[in-house]
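Subject: Structure for you to look at

Hello,

Here is the structure I said I would pass on. Please open it beside this email and follow along as you read.

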Amino acid sequence: MNKMKRWLSVLMLALIYGYVSGQIIPKESCSIDNGRIIFKLDRQWTPEEKREVMLLFDLDSTVMAGVWSGKTEITVKGVTWKVAKVNNRILELSKPLDTVVSSSRGVNDVIMVDDTWAGIVDETEREKDPYGINKFTLFNVFQYVNGKARFFLPSRTGARNVYLSGSFNNWSTTQMPLHKTDTGWVINLKLKPGKYRYKYIIDGRWTPDPYNRQREDDTYGSYNSVVFCFNFQFILRGFQQAKRVVVTGSFNGWNPDELRMFPTHTGWAMPMYLRDGTYAYKFIVDGKWMPDPDNKKIRRPDGSGNFNSFTGIGDSVVFTLKGYPNARKVALAGNFNGWNAGELFMDKTAGGWQLPYALAPGVYEYKFIVDGEWIKDPSNPLVTDPGPDANSILVFQPNYTFVLDQYSDAKKVTVAGSFNGWNKDAYLMTRKDFKWVFPIRLKPGKYTYKFVVDGKWILDPHNDLWEENEYGTGNSVLWIEP
Amino acid sequence: MFCRSDRWMVILAILTLTIVICPNVHWVFATNKPPPDPCFLINNTLSITAFLNPDGPLGAQESVTIPLRRIGKLFLVEAKIDDESGNFIFDSGSANLVLNKTYFRKYMTIEGDPAGGVTGSTGAIGRVKVKRLKIGDLGFDNLMADVTNLGHIENRRGVKILGLFGFSLLKGLEVVIDINNNVMHLYRLDRYGNRIQSSNPVKYDVIQKVEEFHNILIVKARVGEKILDFCLDTGAESNVLNAFSPKKVLSTVSIQRRSGVVGVGSGRSEVLYGIMNEFTVGSRSIPGMQTIITSLEKMSEAYGIALDGMLGYDFFSQGEICINMVRNEMRIRFTRKETP
């Protein structure tokens, strides 16, 4: 009996070993052997694992359906795949390697690869911080007054040249030389309030600011210095006997420890950069949370029986909905508040409903919610598409205007491009001073676009910059500088 | 023998004769102009002709350091071409100076495809003449350049690209590419290929011959058991192995991903992404470098040489790569920590 148990144990161990050793992980399923690209596929994969292998290796769904249904040869788009059975569980899908490649880099070109595979990080995401403070170790190395910034690099007077390069000048290595003084190098420049990343270039070598502790990984093994040009100051009057005063709000995720205010002769202050927008905030005085006693006008319930104070940075837009006198509740929602329908309730007026709201310059989508029903803004002709589910579009503080001064007889002219997913119906141009115009707010960068005149796509006749497109018709090119 | 006035006449005559016979001598007393700048700097620009002259006078500027800026895994150098300032990609895989058609369409085409007109042909190349290109402090005069569409690089990386340049502009120099510090150093060389500037000797881990072929540099390296010809290509975001490499070479690559749609250059092609497990240059093994596998037929055809692959970003990030363009020699000092 004991002998039998031993044999059974050995058999079970062997089975378990066979099961485990036979397992194929989707990401390790591909190899090249003898001129063929080979995929080892496991019949016992979960649907998620099957999807993973298709995504990782861009395997056609028709091919995979053929594999799992037991076919031995599958031809898709002129390519023949063979399926062989390795054992009851593992299938081998393969094709000759030379049919994998169809074209390649030619002369006068670079080789670019998949960003996620190569670990390439999108730097533009980092500009979105809603607030910031500075951490310089010397008081005189950075000053910002009335829109003018002064960068000072002490010592290094033996250097031949020093440049300032950063997100404010598109990381130019030649545009901003510093001037040598007896004690170091200095440059004055105009900057708008905001967050900027920078480095010095000393005799050709990139050097982070040695006197700035506010820094960010530059994703290339070093770091960039970070500076904020301030545009706002939280002030709490009184409470001079308090030991610890903190300001917290929606801009920093209501962090109760991060932003300790400085004592002043009238109370407490916290100068900082706040990105344009509307923010809820509170002060924490020796552990006690309280709304701003000097800001009684703009307060809203915080959901816990108390109130948050609100402040707006930048200019306000007054959203207006005419009519709907019998509606009980009208709210505003858009991509500026994460489409939250329960936050921005509009005030009833004599002619309808309205709500002032501070926004950063940009292009936004929004809708009104009238007693639970989502509607477009009936007074705004700009919509994301002509369909019934379209959102209204708000262009707030435009920084560029598309102009087409011909085609006066055209009935409908739109502008479409990389900024709106080449939607040919959304951005309707209007007639002004005998021209078709469309003002827009665009972030710094490159845009390609075309006008659509009564359904016909045309290049901008007054723009010399254009590039080829896949249709052989060209796209106009526009650069917005920072 | 001579009276005083005669002596003066003789001195004057000798002086006149000397000036006539030796016109190339700079006579300090003849003008108040300062002596020539030993750095050859004119309007803050160092003439490449003077910089390349191995017999030129010794001066303060025997090397130029150019800051590199990265976009993705490509390297940008700021340059001015005639009146247009902007970014060039340092692309050692490019045989010529290349200009982006979007900004140089109006240049007079000397040969090749007409620069104007929407043809739909994205790869069309025209050839134009450029009066002056300035990179860092270095000025290059009267260059020929190819003009082609580079819009796809701008669209992918969001940066304005005026063009590409490679080793064709850097002949006769020693080029040190140090991408971990984002700089490129250019050194003057004497006629034997030695740096004119005396500097502390650097101990290199690998010293190997390179072969120049139409302005691109080929280096031999081993993958698995095979010796292959690789192009040194700073314009490649990844190393590349030719899909038609020997079976034993491709079998050493661990495949991580396959793509049927991601673009390679301006075209679209299917590419395999993986890790090169058995790569050796000189006596140094470099495991774990990223590589793609794709066809290099077009490039091989264009250059008239059978290429087995490219050494791109992952190779250059191993340390300081020093290319001596006179001795045709590559030296590597490994600085990347994970390199064994």
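Below are my notes, taken chain by chain.

Please keep in mind that this is a predicted model.

Chain B

Chain B has seven helices and 28 strands. Of its 340 residues, 42% count as buried. If you take the contacts in chain B with a separation of 6 or more, 63% of them are between residues 24 or more positions apart.

The domain assignment of chain B gives two parts: domain 1 covers 63–187 and domain 2 covers 206–334. Between them, 31 residues of domain 1 of chain B are in contact with 25 residues of domain 2 of chain B. On the domain 1 side, strand 5 (74–81), strand 6 (84–90) and strand 12 (174–178) of chain B each supply at least two of the touching residues. Strand 12 of chain B has the largest share, with five residues. By type, this side of domain 1 of chain B divides into 13 nonpolar, 13 polar and five charged residues.

Strand 12 of chain B also belongs to an open sheet of six strands, with antiparallel pairing and the order 3-13-12-27-28-14. At the edges are strand 3 (63–67) and strand 14 (206–209) of chain B, each of which pairs on one side only. From one strand to the next, the twist averages 15°. To see one of the pairings, find strand 14 and strand 28 (residues 329–334) of chain B, which are joined in the antiparallel sense over four bridges. There, Ile207(B) has Arg331(B) in strand 28 as its bridge partner.

For a single buried residue, look at Phe51(B), in helix 2 (residues 48–52) of chain B. Why does Phe51(B) count as buried? Phe51(B) has 24 C-beta neighbours inside 10 Å, and the cut-off for a buried residue is 20 or more. Phe51(B) and Lys101(B) are 50 residues apart in sequence, and their C-alpha atoms are 30 Å apart in space.

The nonpolar cores

In soluble globular proteins, nonpolar side chains tend to be buried together. The largest nonpolar core here has 100 residues, and those that touch the most other members are Val110(A), Phe88(B) and Ile89(B). Strand 5 of chain B gives the most to this core, with five residues.

Which residues is Ile89(B) in contact with, leaving aside its neighbours within four places in sequence? In chain B they are Leu74(B), Phe75(B), Leu76(B), Ile161(B), Leu164(B) and Gly235(B), and from chain A there is Val110(A). Apart from the largest core lies another, of 34 residues, which includes Leu153(A), Tyr163(A), Trp185(A) and Phe234(A).

Chain A

Chain A is divided into five domains: domain 1 (24–99), domain 2 (124–229), domain 3 (232–313), domain 4 (316–396) and domain 5 (400–480). The C-alpha centres of domain 3 and domain 4 of chain A lie 29 Å apart. Six residues of domain 3 of chain A are in contact with six residues of domain 4 of chain A. Strand 20 (277–285) and strand 23 (307–313) of chain A each supply at least two residues of the domain 3 side. That side is made up of one nonpolar, three polar and two charged residues.

Chain A also has an open sheet of four strands, antiparallel and in the order 7-8-11-10. Its edge strands are strand 7 (142–145) and strand 10 (179–180) of chain A. Strand 7 pairs with strand 8 (residues 148–154) of chain A over four bridges, and Phe142(A) stands opposite Phe151(A) in strand 8.

Last, find strand 29 (residues 362–370) of chain A, which has several antiparallel pairings:

- With strand 25 (residues 330–334) of chain A there are five bridges, and Ala333(A) stands opposite Lys367(A).
- With strand 31 (residues 392–396) of chain A there are five bridges, and Gly362(A) stands opposite Phe396(A).
- With strand 30 (residues 373–375) of chain A there are three bridges, and the bridge partner of Ile369(A) is Trp374(A).

Strand 29 and strand 30 of chain A form a hairpin with two residues between them. In the turn, Asp371(A) has a positive phi of about 50°.

Regards

Definitions and conventions
Residues are numbered from 1 along each chain as its sequence is written. Chains are lettered from A and ligands numbered from 1 in the order in which they are written. This is a predicted model: local features need pLDDT of at least 70, side-chain atom pairs count only at pLDDT 80 or more; totals for chains, interfaces and linings use all residues. Two strands pair if DSSP finds at least two bridges between them. Axes are lines fitted to C-alpha atoms, for helices over the stretch in contact, and angles run from 0 to 180 degrees between N-to-C directions. Domain bounds come from an automatic or database domain assignment. Two residues are in contact if their C-beta atoms, placed from the backbone, lie within 7 Å. Ala, Val, Leu, Ile, Met, Phe, Trp, Tyr, Cys and Pro count as nonpolar, Asp, Glu, Lys and Arg as charged, and the others, Gly among them, as polar. A nonpolar core is a set of buried Ala, Val, Leu, Ile, Met, Phe, Trp, Tyr and Cys residues joined through C-beta atoms within 7 Å. A residue is buried if 20 or more other C-beta atoms lie within 10 Å of its own, exposed if 12 or fewer, and partly exposed in between; C-beta atoms are placed from the backbone.
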